[in-house]
Amino acid sequence: MFRRAVLLIAAVLVVTIAIVIGVGYALPQNHVVSRTISVPAPPDEVFAAIWNVDRYPNWRSDVQRVEVLGLDPVRWRELSGGDTITYEVAERRRPELLTVRIADPDLPFGGTWTYELVPEGSGTRLTITERGEVYNPFFRFMSRFVFGHTASIDRFAAALTAHLSPHH
């Protein structure tokens, strides 16, 4: 009886993994998601917070350490939740636009984040657009159905808003 239960559990697990990978292969490798928020600070201040990557550990609880690797182009490595990711600036027009790309070809994902800043009263309307690529079908499934494509953007936007809030 015990052996049968173990075999049944193993079979269910194998079928589940096969379905997850099959669905992952069926999903597109690329995705585009966007969030727009109102930040209670002027565009110059918002841009400075995003631009000064070496200060991320001060206001982003998900970033433990940042190591600046170069200035032309600006490149840095973030240690976040046990993962290390290298980024570089692809485009910069202060204070209205910043595009950052993942600069590590060995990761199972890649892509860019574009920050668009527009004055809105005494604050800023910030739109963050992720143009992502998830190469591994298992991670593609997880990104789409478990974590959600906007999870990182939402976490960043909440931390930025809290950091720049007048009550901070």
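Which residues of the largest nonpolar core touch the most other members? In this predicted model, the core has 34 residues, and those that touch the most other members are V46, I50, Y115, L126, F156 and L160. Helix α5, spanning residues 151-164, gives the most to this core, with six residues. The surroundings of Y115 illustrate how some of these positions meet. With neighbours within four places in sequence left aside, Y115 is in contact with I50, L126 and F156. The remaining contacts of Y115 on that basis are E96, L97, L98, V100, T127 and I128.

Helix α5 also holds A158. A158 is partly exposed, because its relative accessible area is 48% and the partly exposed class runs from 20% to 50%. Along the chain, A158 and R60 are 98 residues apart, yet their C-alpha atoms are separated by 9.3 Å.

R60 takes part in a set of charged interactions. The structure holds 10 salt bridges. In one of them the side chains of R60 and D62 meet, with an N to O distance of 3.2 Å. Both R60 and D62 are buried. R60 also meets E78 through a side-chain salt bridge of 3.4 Å, N to O. E78 lies in strand β3 and R60 in the loop between α3 (56-59) and β2 (65-71), so this pair ties together parts that are 18 residues apart in sequence. Like R60, E78 is buried.

A further salt bridge joins the side chains of R75 and E88, at 2.8 Å from N to O. R75 belongs to strand β3 and E88 to strand β4, so the pair ties together parts that are 13 residues apart in sequence. The two partners fall into separate accessibility classes. R75 counts as partly exposed because its relative accessible area is 26%, whereas E88 counts as buried because its relative accessible area is 13%. Salt bridges that share partners join R60, D62, E78 and R155 into one network.

E78 was examined further. Strand β3, which contains E78, covers residues 74-80. The relative accessible area of E78 is 5%, and E78 is therefore buried, the limit being under 20%. Apart from the salt bridge with R60, the side chain of E78 makes a polar contact of 3.2 Å with the side chain of W76. Residues up to four places away in sequence not being counted, E78 touches Y56, R60, V63, R65 and V66, and also D83, T84, I85 and Y87.

T84, one of the residues touched by E78, is placed in strand β4, residues 83-93. With a relative accessibility of 37%, T84 counts as partly exposed. On the same sequence criterion, the residues that T84 touches are R77, E78, L79, D104 and L107. R65 and T84 are 19 residues apart in sequence, and the distance between their C-alpha atoms is 9.4 Å.

On the surface, L13, I17, I21, Y25, F138 and F139 make a nonpolar patch of about 580 Å². Helices α1 (2-26) and α4 (137-147) each supply at least two residues of this patch. The greatest contribution is that of α1, with four residues.

Helix α4 contains F138, one of the patch residues. The relative accessibility of F138 is 37%, so F138 counts as partly exposed. Buried residues are also found in α4, namely P137, R140, F141, M142 and S143. What covers these buried residues includes α1 and β7 (123-134). Thus α1 and α4 are linked in two respects: each supplies at least two residues of the nonpolar patch, and α1 is among the elements that cover the buried residues of α4.

Both ends of α4 have describable features. The N-terminal end is capped by N136, a side-chain oxygen of which lies 2.8 Å from the backbone nitrogen of F138. After α4 comes G148, with a positive phi near 90°.

Terms used: Residues are numbered from 1 along each chain as its sequence is written. This is a predicted model: local features need pLDDT of at least 70, side-chain atom pairs count only at pLDDT 80 or more; totals for chains, interfaces and linings use all residues. Side-chain values use heavy atoms; hydrogens and water are left out. A nonpolar core is a set of buried Ala, Val, Leu, Ile, Met, Phe, Trp, Tyr and Cys residues joined through side-chain atoms within 4.5 Å. Buried means under 20% relative accessible area, exposed over 50%, partly exposed in between (1.4 Å probe, protein chains only). Contact means heavy atoms within 4.5 Å. A polar contact is a pair of N or O atoms within 3.5 Å; within protein, one must be able to donate a hydrogen and the other to accept it, and residues adjacent in sequence count only if both atoms are side-chain atoms. Patches are made of residues with over 30% relative accessible area and no salt bridge: like charges are joined within 9 Å, nonpolar side chains (Val, Leu, Ile, Met, Phe, Trp, Tyr) within 5 Å. Accessible areas come from the Shrake-Rupley method with a 1.4 Å probe; for residues, only the protein chains shown count as cover. A salt bridge is a side-chain nitrogen of Lys or Arg within 4 Å of a carboxyl oxygen of Asp or Glu.
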